[in-house]
Amino acid sequence: MKLLLLLILIITINFSYGVLTPKNLAGEASEFGSFNIPNPMDVAQSSDSSLLGISMSQSQLKNSFEWSGVVPVDSDQEFTLTFFSSFPLSEFKVEASPKSSSFKSEQQHKSNFHKMIKSLHQTPTITNGSFGIDGATTPSISFTWDNPVVGDWNVVITASSSLRKNERFQKMVQDSTPQLLMLVQNPSDIQIYSYVSSYNSLFTGQKVSVLAMLHKKSEFIKKSANRPLNWKPSPMVLSDVSAEMILGLPDGSKETIPMFDDGLHDDEQANDGLFGGYINVNELGNYDLQVIYKGSQNGNGVIRSNQHLIPITSQYLELTGEVQSVQDGDANLNIYFIVTTPNQTTVDQTPVHVYSEVYGTDDDGNKVAIAWVAGVTSAQPIQGSTTTFALSAVLNERWIAKVGATAPFFVKNVQISDLDTFIPLSNTTSTSNVKMIGQYKDVRTIVHSPPLHEITKEMRDGKMPQELANRIGKSSGNGKLILTHGYCSEGVWPIEDFENAVEFQDFNQNRGNDEFAQILANFGAQYTDGFSLVAHSQGGNAALHLATYYFSGLDLSQKLEGRVIQSMGTPYQGTALAGTWASIGSVVGVGCAANDDLTVDGAALWLKSIPADKRALVYYTTTQYSTASNAVLEWPNDGVVDNEHTPLEGGVYLNNFKDWCHSDGMHSPQQTTNTEYNKEMSSKSVW
């Protein structure tokens, strides 16, 4: 029987931004259910808007470049067209008016005649603004008609004479590349609902299934209203229906893929209103997916779209089902999950996230749930083998003694996830026997202090590195409050509002949560007494990620009085804007690329890995505009995150301030410039 090489108490992993010690996470069996891989249907995006690419053509009669098309308006609520472009928006002329032929009957004609005349002569309200996430924004211009006539509207967009001379513009016209995007908003009871069918097949070489339907907004149950798991709305069946996907590949190319309601594309029953389609993914990277749904109801046209950002990785690790364990010198149970890399002779040693439920045996020979284990680890070779590798996790012996268990041990619901995307690489719901290496010492015979009913930090996190442990409770006057920005952002916090604070400066960067957390940990390492965090937007995700997975000065601060993590405007459950921003950003050419950790899918995969005790460290605050705004987000929202996606279950919710927006340049003051509240956060912080 081979002895494992990995018999060490603390595993350090060399990352791009320094050497970090991952925590050996563990928790009570009562928490098992919170780590289940989410069902994409539970976080499906719902929208009553549509995003259309505008590709102009040359008009020989007018000697101009223009686009003309028909946009259906299916409700008499306000009708808004918002435009984005890599060219100055002032270089485009927009004209829109209802078609008189839209009226389908004499009665309808009479009832809508005055509305049509008003719409023809009504000057739309024009609003200049910005659109985006944190520091990644682009100018926008919106045209809004109040109480529009229902039916088809003619829209004509013309390029200016100076733009017609622009070589880049001419080349885009020649290549039929969209020169601008038009976001259509016409709130009604009809919304689109779309999602990938599973998170378990997001690998190169796979066929990814996408589903979409229209539904009634009035019948929709929000998550905040205790929506049941695995619930979905009832599909609406319209006439003259078509659905398609426009797929942007990582190499920049585009594909148009039809969707079907035939019962043959994972879409359940034929002609039930649920459409399905497949995308073939052969490249690593982010796929920008737009689902477009068109149809007709009561003779009026309907168009809706949703935008998704789908990260694709390779299945670089796979569980074999074999599990071994050995006790270390402290009688802790070191568990090793044997893995392989499919279709390769060498095993990939990229750091990953691993999770497992652990069971033991009671005195009557019955299986008993002990605890869950998790953490960041990498595949390491078993002694004497160049082909057999294992991922490790450590279960503190106190968990075993606490429930009165002993060997033999079992594991169940083992998951390996990519650390950048938290896409499941391999998972199994079956039970595996744990092969014990060497003689097992029954930990029930140990005299435990403190008593076993007390769950210690070492039980939760594993053994702290000695260099860090030596600094607990010792003060040299070198602790700081770190002010953290968000995605693709610059400094957002007025440092003069805070005492003993320093600004974290990783400006204008697009980081995943794990990379962001690593850089933050490296920056905080200079403060030897510890540090606390006040974080904006994605900075809050990174702060929670750091507190969860890696030992740092945050762990020293937890021993002191005060708040360790405070956040403002953090999308803990993602933002629908992230998928839309991926589509818009690819056209307008912003500096920062799309970030899948900020999408509702990416956030769901990441958040399910965060245990309750780490969430409890976070004190979070939200804000909202003074009036409803933003065609992509649910109301209320702060311009980037809606209040439906800011809650952190298990965190400490503090307040929702009105008349404050997410970023600079929006309709209300930026939420990070609330001096009175900033001073309150400063006074409540550990440092």
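The legends below describe close-up views of a predicted model.

**Figure 1. The largest nonpolar core of the predicted model contains 123 residues.** The residues with the most contacts inside this core are Ile-279, Phe-337, Val-339, Ile-370, Leu-395 and Ile-400. Strand 24, formed by residues 367-377, gives the most to the core, with seven residues. A second, separate core has 32 residues, including Phe-65, Phe-87, Leu-89 and Ile-303. In soluble globular proteins, nonpolar side chains tend to be buried together.

**Figure 2. Ile-279 and its contacts are shown in close-up.** When neighbours within four places in sequence are left aside, Ile-279 is in contact with Gln-206, Lys-207, Val-208, Met-245, Leu-247, Ile-257, Leu-289 and Ile-310. Ile-279 is also one of the residues with the most contacts inside the largest nonpolar core.

**Figure 3. Strand 21 pairs with strand 22 and with strand 28.** Strand 21 (residues 318-327) and strand 22 (residues 333-340) run antiparallel and are joined by seven bridges. Within this pair, Gln-327 stands opposite Leu-333 of strand 22. The hairpin made by these two strands has five residues between them, and Ala-331 takes a positive phi near 70° there. Strand 28 (residues 424-436) runs parallel to strand 21, and three bridges join the two. Here Ser-325 of strand 21 stands opposite Met-436 of strand 28.

**Figure 4. Helix 8 is mostly covered.** This helix comprises residues 538-549, twelve in number. From its first C-alpha to its last, helix 8 reaches 17 Å, close to the 16 Å expected at 1.5 Å a residue. Twelve of its twelve residues are buried. Among them are Gly-539, Asn-541, Leu-544, His-545 and Tyr-549.

**Figure 5. The largest cavity has a volume of about 110 Å³.** Eleven residues line this cavity, and the closest to its centre are Asn-24, Asn-332, Val-394, Gly-462 and Lys-463. In total, the structure holds six cavities of 30 Å³ or more.

**Figure 6. Val-73 is a buried residue of strand 7.** Strand 7 covers residues 64-73. Val-73 counts as buried because its relative accessibility is 0%, and buried means under 20%. Apart from neighbours within four places in sequence, Val-73 is in contact with Phe-79, Pro-148, Val-149, Val-150, Gly-151, Trp-153 and Asn-186. Ala-270 lies 197 residues from Val-73 along the chain, and the C-alpha atoms of the two are separated by 28 Å.

**Figure 7. Two peptide bonds, one before Pro-408 and one before Pro-450, are cis.** The bond from Ala-407 to Pro-408 has omega near 0°, and Pro-408 is found in strand 27 (residues 406-418). The bond that joins Ser-449 and Pro-450 has omega of about 5°. Pro-450 lies in the loop between strand 28 and helix 5 (457-461).

**Figure 8. Asn-230 and Asn-500 each have a positive phi.** Most residues other than glycine have a negative phi, and most peptide bonds are trans. Asn-230 is not a glycine, yet has a positive phi of about 65°. Its place is the loop between strand 15 (206-216) and strand 16 (239-248). Asn-500 has a positive phi of about 50° and is found in the loop between strand 29 (479-484) and strand 30 (501-503). The relative accessible area of Asn-500 is 36%, so this residue is partly exposed.

Methods. Residues are numbered from 1 along each chain as its sequence is written. This is a predicted model: local features need pLDDT of at least 70, side-chain atom pairs count only at pLDDT 80 or more; totals for chains, interfaces and linings use all residues. Side-chain values use heavy atoms; hydrogens and water are left out. A nonpolar core is a set of buried Ala, Val, Leu, Ile, Met, Phe, Trp, Tyr and Cys residues joined through side-chain atoms within 4.5 Å. Buried means under 20% relative accessible area, exposed over 50%, partly exposed in between (1.4 Å probe, protein chains only). Helices (H or I, at least four residues) and strands (E, at least two) are DSSP runs, numbered from the N terminus. Contact means heavy atoms within 4.5 Å. Two strands pair if DSSP finds at least two bridges between them. The expected span of a helix is 1.5 Å times one less than its number of residues. On a 1 Å grid over the protein atoms alone, a cavity is a set of points where a 1.4 Å probe fits but cannot get out, and a pocket is an open set with protein on both sides within 12 Å along at least five of seven lines; lining residues have an atom within 4 Å of a point. Grid points are joined across faces, edges and corners, and a volume is the space filled by probe spheres set on the points.
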